[in-house]
Amino acid sequence: MKKIIACPRTFSSDALNVLLKLTSKRSPKNDKTEAHCRNYIQGLATKNEKPFPNPEKDVGQPVEVCSVDGTFVWGGSTDPNQPVILYLHGGAYMNQPVSFHFKMVAHLAAGIGAKVCFPVYPKIPVHDHKETYAKLKVLYEQLLAMHKPENVIFMGDSSGAGLALGFAC
């Protein structure tokens, strides 16, 4: 039987809750807001189909494009014992990565001397999880051909973390 642990309410949490309620914008669902959302998502679909630019300026070192389309690699060596970060960026499965993603992963990788594989995976609404997992499987198999499985680190933020966890299972 699962034990449920309730966090105690505090004045701070109550105040934060009230503040969030007072400052949140409530957008009523109507034809206009629905059309706006559909147009936004369609615009992302068009943008996401374009090739993603090389992030060298954000990473601060040379970045190669891997044989798996749209995957950026940096910091690599031929050492099979080198840690490898397979990083899946967040963005609600529909937004492309931003400079923060590249800078943060480059900083982490430099700290542990790791190679980074950063796929820009297929996004909704044009693509689905099956296409994304297929791409990740090819990339993972390539990594395993060069590195020990225990040295491959699955990592991600937000929806990318969910994607990494789903792929690892």
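Helices here are DSSP runs of H or I with at least four residues, strands are runs of E with at least two, and both are numbered from the N terminus. Serine 158, for example, sits in the loop between S5 and H6. The model is predicted.

## Overall layout

The protein contains six helices and five strands. Reading from the N terminus, the elements run α-α-α-β-β-β-α-β-α-β-α. The protein has 169 residues, and 31% of them are buried. Of the contacts with a separation of 6 or more, 74% join residues 24 or more positions apart.

## Helix H4

Helix H4 covers residues 99-112 and has 14 residues. From its first C-alpha to its last, H4 reaches 20 Å, close to the expected 20 Å. Its buried residues are His101, Phe102, Val105, Ala106 and Ala109. They lie on the same side of H4, because they cover an arc of only 120 degrees around the axis. An α-helix has 3.6 residues a turn, so residues three or four places apart point the same way.

The other side of H4 carries the exposed residues His107, Ala110 and Gly111. What do the buried residues of H4 pack against? Their partners are helix H3 (56-59) and the strands S2 (71-74), S3 (84-88) and S4 (115-119).

Take histidine 101, a residue of H4. Its relative accessibility is 7%. Buried means under 20%, so histidine 101 counts as buried. Beyond its neighbours within four places in sequence, histidine 101 is in contact with Tyr87, His89, Gly90, Phe118 and Asp157.

## Helix H5

Helix H5 has 18 residues, 129-146. At 1.5 Å a residue it should span 26 Å, and its end C-alpha atoms are 26 Å apart. The buried residues of H5 are Thr132, Lys135, Leu136, Leu139 and Leu143. Seen down the axis, they fall within an arc of 95 degrees, so they line one face of the helix. A lysine is on that buried list, Lys135.

Lys130 and Ala145 are exposed on the face of H5 turned away from the buried side. The cover over the buried residues of H5 includes S2, S3, S4, strand S5 (152-156) and helix H6 (159-168).

## Cysteine 117 in strand S4

Is cysteine 117 buried or exposed? Cysteine 117 is buried, with a relative accessible area of 2%. This residue lies in strand S4. Leaving out residues up to four places away in sequence, cysteine 117 touches Thr71, Phe72, Val73, Val84, Ile85, Leu86, Tyr87, Leu139 and Leu143. Leu139 and Leu143 are among the buried residues of H5. Cysteine 117 and valine 73 are 44 residues apart in sequence, yet their C-alpha atoms are 4.7 Å apart in space.

## Backbone notes

Most residues other than glycine have a negative phi, and most peptide bonds are trans. The table gives three residues with a positive phi.

| Residue | Phi | Place |
|---|---|---|
| Tyrosine 93 | about 60 degrees | loop between S3 and H4 |
| Glycine 113 | about 65 degrees | just after H4 |
| Serine 158 | about 55 degrees | loop between S5 and H6 |

Tyrosine 93 and serine 158 are set apart by accessibility. Tyrosine 93 is partly exposed, at 35% relative accessibility. Serine 158 is exposed, at 61%. Exposed means over 50%, so serine 158 passes the cut-off.

There is also a cis peptide bond. It runs from isoleucine 124 to proline 125, with omega near 0 degrees. Proline 125 lies in the loop between S4 and H5.

## Largest pocket

The largest pocket has a volume of about 350 Å³. Lining it are 16 residues, of which Lys50, Pro51, Asp69, Gly70 and Val120 are the closest to its centre. How do the residues of the lining divide? Seven are nonpolar, four are polar and five are charged.

Key
Residues numbered from 1 in each chain as written. Predicted model: local features only at pLDDT ≥ 70, side-chain atom pairs only at ≥ 80, totals over all residues. Heavy atoms only, no water. 1 Å grid on protein atoms, 1.4 Å probe; cavity = no way out; pocket = protein on both sides within 12 Å on 5 of 7 lines; lining within 4 Å. Points joined across faces, edges and corners; volume = space filled by probe spheres on them. Nonpolar A, V, L, I, M, F, W, Y, C, P; charged D, E, K, R; others polar. Expected span 1.5 Å × (residues − 1). Buried < 20%, exposed > 50% of the residue type's maximum accessible area, 1.4 Å probe, protein only. Arc of directions from axis to C-beta. Contact = heavy atoms within 4.5 Å.
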